[in-house]
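Hi,

Here is the structure I promised to pass on. Have a look at it first, and my notes follow underneath.

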Amino acid sequence: MIVEQIMKTEVYTLTPENTLNDALNMMRDKNIRHIPIVDEEGNIVGLITSHDVKNALPSCVKEEDACSIYETPIEKFMVKDIILGHPLDFVEDVAMTFYESKISCLPIVSGGKLVGIVTTSDLLNAYIELTGAHQPSSKIDIRLKDKVGTLADVLILFKKHYANVLSILVFPDAEHENSRIISIRVRMMNPLPIIKDLRDHGYEVLWPNVPGVNV
């Protein structure tokens with residue numbers, strides 16, 4: 001999946017000359033937390049977030065001081081050294097950028113112009129859709145030996161039960177260095193026959209750990 005598939009293309013922007021009050025009003029009216037700042041040619045020159053706005057406003061100010069702060073151009077508060085993305089970037093790479101750089105949004109630029117924006121909410125929604133967690137389904141976690149062919153063997157059993165696999169995730173096994181935890185989500189509400197079959201074939205099912213099912 002690429003960024004173009006999950007980014008918001010309706011991006012609300014301001015200019016460096018707009019005031020802090022303009023940013024506050026836009027965030028409230030549009031229910032957003034991030035505003036890219038663009039120049040007259042549409043080039044992105046900064047970014048202001050709800051966190052930046054909150055930090056700009058003292059918790060207690062005199063009335064005359066408060067008025068001047070609200071009317072201050074947002075150029076004074078915006079982040080100028082920002083990270084940018086491209087519509088053809090992979091979502092996984094963008095997620096890593098969010099994680100490593102500890103950011104909450106990524107303006108998307110193509111041909112030097114702002115074309116979209118991706119936020120942590122967009123990444124979360126993409127993850128939910130990719131894993132199929134939003135659909136009626138069941139999740140089965142299995143510990144497998146880290147060797148060629150084991151996952152294929154397991155999937156043969158799922159096929160035997162006509163289980164429609166929605167997603168497969170592979171995690172490191174913190175307890176066994178030579179194993180991996182395989183999380184398989186299937187479109188069925190009663191996975192007990194599959195669980196029993198997996199255990200009958202010697203596979204260690206970690207979740208769901210159903211009492212009474214043959215171990």
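To start with a small one: are Asp-29 and Arg-28 buried or exposed? Both of them are exposed. They also form a salt bridge with each other, with 3.4 Å between the closest N and O atoms. Bear in mind that this is a predicted model.

On salt bridges in general, the count comes to nine. Another one pairs the side chains of Arg-180 and Asp-146, at 3.3 Å from N to O. Arg-180 sits in strand β7 (residues 179–186) and Asp-146 in the loop between β5 and α6, so this pair ties together parts that are 34 residues apart in sequence. Arg-180 is partly exposed, with a relative accessible area of 28%, and Asp-146 is partly exposed too, at 48%.

Then there is Asp-197, whose side chain meets that of Lys-160 in a salt bridge (2.9 Å, N to O). Here again distant parts of the chain are linked: Asp-197 is in helix α7 and Lys-160 in helix α6, 37 residues apart. Asp-197 is buried, with a relative accessible area of 8%. Elsewhere on the salt-bridge list, Arg-143, Asp-173, Glu-175 and Glu-204 are joined into one network through shared partners.

Back to α7 itself, which covers residues 192–200. Alongside Asp-197, its buried residues are Ile-194, Ile-195, Leu-198 and Arg-199. What do they pack against? The buried residues of α7 pack against β5 (138–145), α6 (150–160) and β8 (204–207). After the helix comes Gly-202, which has a positive phi, near 90 degrees.

Cheers

Terms used
Residues numbered from 1 in each chain as written. Predicted model: local features only at pLDDT ≥ 70, side-chain atom pairs only at ≥ 80, totals over all residues. Heavy atoms only, no water. Buried < 20%, exposed > 50% of the residue type's maximum accessible area, 1.4 Å probe, protein only. Helix = DSSP H or I, 4+ residues; strand = E, 2+ residues; numbered from the N terminus. Contact = heavy atoms within 4.5 Å. Salt bridge = Lys/Arg side-chain N within 4 Å of Asp/Glu carboxyl O.
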